[in-house]
Amino acid sequence: MAGLELLSDQGYRLDGRKPSELRKVQARMGIFTRADGSAYIEQGNTKALAVVYGPHEVRGSRSKTLHDRAVINCQYSMATFSTAERKRRPHGDRKSSEMSLHLKQTFEAAILTQLYPRSQIDIYVKILQSDGGNYSACVNAATLAVIDAGIPIRDYVCACSAGFVEDTPLVDLCHAEETGSGTAVALALLPRGGQIALLQMDARLHQDHLDPVMEAAMTACRSLGQVLDGVVRQHLQEVSILTGE
Amino acid sequence: MPVDTRRVRAPEESQCPLLFVPLLPRGPLRTVAQPEKARVDGRQRSQVDVRPVFARCGLVTQAKGSAYMEAGKTKVLCAVYGPRESERKDDTDMKAGRLVCDFRYAPFSCPKRGTWIQGSEERDAAQALQEALRPGLCLHRYPRAQVEVNVLVLEHDGSVLAHAVTCASMALVDAGVEMYDLVLGCALRQDGDSYLLDPTLAEESGGHATQPEDNQGGVTVALLPSLGQVSGLHADGELRDESVSAAVRACMEGCHRLYPVVRRALVYAARRKAAPPGDSLET
Amino acid sequence: MATVQICEAEKVYIMHGVRDDLRIDGRACDDYRHMEVETDVVSNTDGSARVKMGDTDILVGIKAEMGRPRPLIPDEGYLEFFVDCSANATPEFEGRGGEELGSEISSTLYKMFQNRSSLDLRALCIVPREHCWVLYVDVLLLQCDGNLLDATSIAVKAALFSTRIPKVHVSEDDEGGKELEISDDPYDCMRLQVEDVPCIVTLSKIGHRHVVDATLQEAACSMASLIIAVTHKGNVTCVRKVGGGSLDPESIFEMTETGKRVGKALHAPLMKLLQEEEVLGKRRQKVGFLG
C-alpha cells in the first residue's frame, strides 16, 4: 500500500475510528414541504438528500405500468460540487445510472409494491458531499424519505459498506479507505428478518475472508438500523407535539 | 483515439490574430469628451439616428413567408414555416398554437468564424426572439399547431437581435399568420452620458475595451407600434437608473422611424402577390 | 418549467387580491417572503450558501480551479455558471427535463455578471495569459416555489461572499519559468469583493399592478414579468422581459422604478446578515439541513 496506512499498529483507522466503528450519523426527516417525503442524512462527511414522490399515476409511457404492483423509479445524482474534483454533469454518466439501478433493486425488495398496482413511486437521491459510502448514505436517506412519505415497507433498509485491510474487516469506509483498500462490499440489509436487499462487491477477496467481512457489515447495518429507528421516533414525537396529540 | 506521435500537433484551439486588433482605432467611442462629435459612420450621438434600412419580403420561395433585411452592414434573413401540426403532443396547453424560433449566425457572419452548431448565445437570442414575437401573434387561432420562425444572420454588424425581430415579424406577415400588430425592434448602446442608437458591431463591443467610466450597456426593445406596447426588453451591461427609461424611450422612437419603411415593403410584397400575371408593378 | 395548474376562479381571486395590495399569503405587492440565508454549508467547496425563500430552496457551491485566461481578456479570471434543476425539486426535472430551465437561468446569470463592476475579475488572475482562477458557480435547485431567479442571485452573492481562494505565490526560476505555489494555510486566502454584485428582482405583472417575489400560483396569473438585476448603488446590470405578454411602456418604467427600490433595499440587510455571520466565525451554530 503506497504511503497511506489505513490501519495503524494500534488498530486505529485514519480518522481515529476502530475497525468496527461507524461514522457519526445525523439525519432529519421532512425537510421539504413540497415533496411527499424527504430526508437528509450525514454520515461523517458524506451528505445525502432523498426525496420521494408518489405513489402516483405512471408518468410518461403507459407501457411501463405494472398491473400487480407499483413501479419504483429511482434517480441518483451527485451535486457538481460534491466531489473534490468538480464533476461536469450531475447525472447521466454510467456510474450514476448503475447506482440508480441498484437503488431501484434495493427498494423493490423493501417496499410493499403490491399495495399500489398501476402506480409509480419516485425516489430521487442527491449526494451533496461525497466522502465514501455514497450508496449506503443514499439508501439510508431514501429509507427515511420513504417512511416520511408514509409508504409501507417491510423494514428499514440499512446499508453500510465494508472493506478488508490487514486481515481486519473495516466498516463504513471513508473516501480514502474506499480508494485505498481495494475491496469494498456494499450491503443493504433488512435488519429484522436479516434479509439482504442488495450485496455488491468490487475487486477480489479470498472466500475465507468473505464471511468476517459480511458479518462486520451486517452488524454495522443493524446498528445503523437502530440509529434510523431513533430518528424516525424522534421525528414522530416532534410532529405529534406540533399537531397537539 | 490513436495519436500520431510523429507529427507535431497543432494546438487544440487557435485564435486568429486579427481578433486581437481592436475593431476600430480606439478613438470613435472615446468621444465622450466631445459628445457633439459624430459617430464613425457620420450619424449623430444621442439622436434617434438609425441606419438606412432595406427590407424585402418573399426571398425564400419554399417557405410560407420570408423576409430579408439590411441595416447598414447587418444582414438578416428570416423564413417562416407553418402553421403546421405541432411536434410536441405532450404540451399541456393545446388551446393555443406554439411559436418555435430558431436563431443562427452563419459561420461567416462574425469576425471570428463560427460553427453551425448552435451556441448558447444563439439559444438566448432565439429565446428572446420568441418572447418578443409572441405577444404580436394571434396564436389562439392556431390550436394544436406550430409556427416556425428561422432567422439566419448573414452578416453581423451590430443590433442583430433588434433587426431579427423586425425581419421575423415581416416574414410572419408575409406568411399570412394572423397578427395583432407588427413587431419592430431597435437597439441602443449607452456610452456614458450619450447613447448610440442602432449601434454597429464596433460600437457594441466598444465597452469591453478599457473604458474606465461607468454607464455602459446595451438595450434592445421590441415594440408593437400601433398598440404602443413593449413586447421585448433586453438590457445588459451596467446602466445608471435613469438611463434605462431614457434608453427605452429612445428605442421606441427608433422603432417608429422604422415603421414606414417596413410598412411600405409589406405593401409592396402584398401588391406583387395580388398582381395578376403579366401586370407590371408600379411603386 | 415548474408550473402549477390553477383554475379561473383561483386566478380571479389572486388578481383581485393583488389589486387591493393583499396577496394570498398576506403580503403586500412589494414584499418578499421570509428568507433564510446560510453560508458555508458544504465543506468541500471553496464557498457555498443556501437560501430558502418560502418554499423555494437553493444551494450554491463554488469551486475555484486553476485554468487559462480567455485569450481576448488575458488579465482576468472568469466565472462559469451551471444550474442543476434536480429531480428533487419536481419530478418533471428528471433526466434531462430540467436542462432547459437550467440553461435559461445560467444564461441570465452570465449576463448579470457581464460587466466591469459586478466582480473584480482581475483579482482572479494569477499570471496574465497563463494562469487564472476559474470560479465554478454551481447552483442546485432543491425545491421550487416560484421566483427562482431572485433566490438564485441572492444565493450566488452569499456564496461569493463566503468564497475563500487560496493565495498563490509565483516564483520565477533561472530559466524564466514560473513556479506556482498554492498556500496550504486555510487562513492565507483571498476574499472577493461582493459589494457590487447585483441581485435580481423579478416583477410579475398581475392585472394592472406588479408584484415582487411571485409564488408559483401568482406566476401562473401573470402574462409577463420583468427581470431586473440591481446593484446596491441602484445601477441596473440586466433587464429582461419574460413571458408571453407585452407590457405598456408606462408600466415598464414603473416596474423598473420598483425593481430598483426593492433591489436596493434587499442588499443592505443581506450584507449585514452575511457580515454578522462572518463575525461569529467558529462560534456559529451551523444549521444546514439538520435545523
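This is a short talk on how three chains, A, B and C, sit together in one structure, and on a few local features within them. Before anything else, please keep in mind that what we are looking at is a predicted model.

Let me begin with chain B, which has 4 helices and 9 strands, and which, read along its sequence, runs in the pattern β-β-β-β-α-β-α-β-β-α-β-β-α. Of the 283 residues in chain B, 44% count as buried. If we take the contacts in chain B between residues at least 6 apart in sequence, 71% of them join residues that are at least 24 apart.

Staying with chain B, I would like to turn to a pair of its helices, α2, which covers residues 160-174, and α4, which covers residues 241-274; their axes come within 11 Å and cross at roughly 30°. Angles under 35 degrees count as roughly parallel, and α2(B) and α4(B) are therefore described as roughly parallel to each other. Their crossing is right-handed. On the α2(B) side the contact is made by B:T166, B:M170, B:V173 and B:D174, while α4(B) brings B:L258, B:V262, B:A265, B:L266 and B:A269. By class, the residues of this contact divide into 7 nonpolar, 1 polar and 1 charged.

Now to the chains together, where one may ask which pair, among the 2 pairs of chains that touch, has the most contacts. That pair is chains B and C, with 28 residues of chain B in contact with 29 residues of chain C. On the chain B side, the elements that give two or more residues are α1, residues 120-133, β9, residues 229-239, and α4, and the largest share, 11 residues, comes from β9(B). That side of chain B has 10 nonpolar, 10 polar and 8 charged residues.

The contact between chains C and A takes 23 residues from chain C and 25 residues from chain A. On the chain C side, two or more residues come from each of β3 (56-67), β4 (78-85) and β6 (131-143), and the residues on that side divide into 8 nonpolar, 7 polar and 8 charged. Chain A and chain B, by contrast, do not touch, and their nearest C-alpha atoms are 9 Å apart.

Looking next at the interior, the largest nonpolar core has 224 residues, and those with the most contacts inside it are A:A50, A:A141 and B:L129. Leaving aside residues up to four places away in sequence, A:A50 touches a set of residues that includes A:I123, A:V125, A:C138, A:A141 and A:L144.

I will finish with some details of the backbone, for which it helps to recall that most residues other than glycine have a negative phi, and most peptide bonds are trans. In chain A, a cis peptide bond joins A:G54 and A:P55, and A:P55 is placed in strand β3, residues 46-57. In chain B, the peptide bond from B:G82 to B:P83 is cis, with omega near 0°, and B:P83 is found in strand β3 of that chain, residues 74-85.

In chain C, the non-glycine residue C:D21 has a positive phi of about 60° and lies in the loop between α1 and β1. Is C:R129, in the loop between β5 and β6 of chain C, buried or exposed? C:R129, whose phi is also positive, near 70°, is exposed, because 11 other C-beta atoms lie within 10 Å, whereas C:D21, with 13 C-beta neighbours inside 10 Å, counts as partly exposed.

Notes
Residues are numbered from 1 along each chain as its sequence is written. Chains are lettered from A and ligands numbered from 1 in the order in which they are written. This is a predicted model: local features need pLDDT of at least 70, side-chain atom pairs count only at pLDDT 80 or more; totals for chains, interfaces and linings use all residues. Axes are lines fitted to C-alpha atoms, for helices over the stretch in contact, and angles run from 0 to 180 degrees between N-to-C directions. Angles under 35 degrees count as roughly parallel, over 145 as roughly antiparallel, 65 to 115 as roughly perpendicular and the rest as oblique. A crossing is left-handed if the near helix is turned anticlockwise from the far one by less than a right angle, and right-handed if clockwise. Two residues are in contact if their C-beta atoms, placed from the backbone, lie within 7 Å. Ala, Val, Leu, Ile, Met, Phe, Trp, Tyr, Cys and Pro count as nonpolar, Asp, Glu, Lys and Arg as charged, and the others, Gly among them, as polar. A nonpolar core is a set of buried Ala, Val, Leu, Ile, Met, Phe, Trp, Tyr and Cys residues joined through C-beta atoms within 7 Å. A residue is buried if 20 or more other C-beta atoms lie within 10 Å of its own, exposed if 12 or fewer, and partly exposed in between; C-beta atoms are placed from the backbone.
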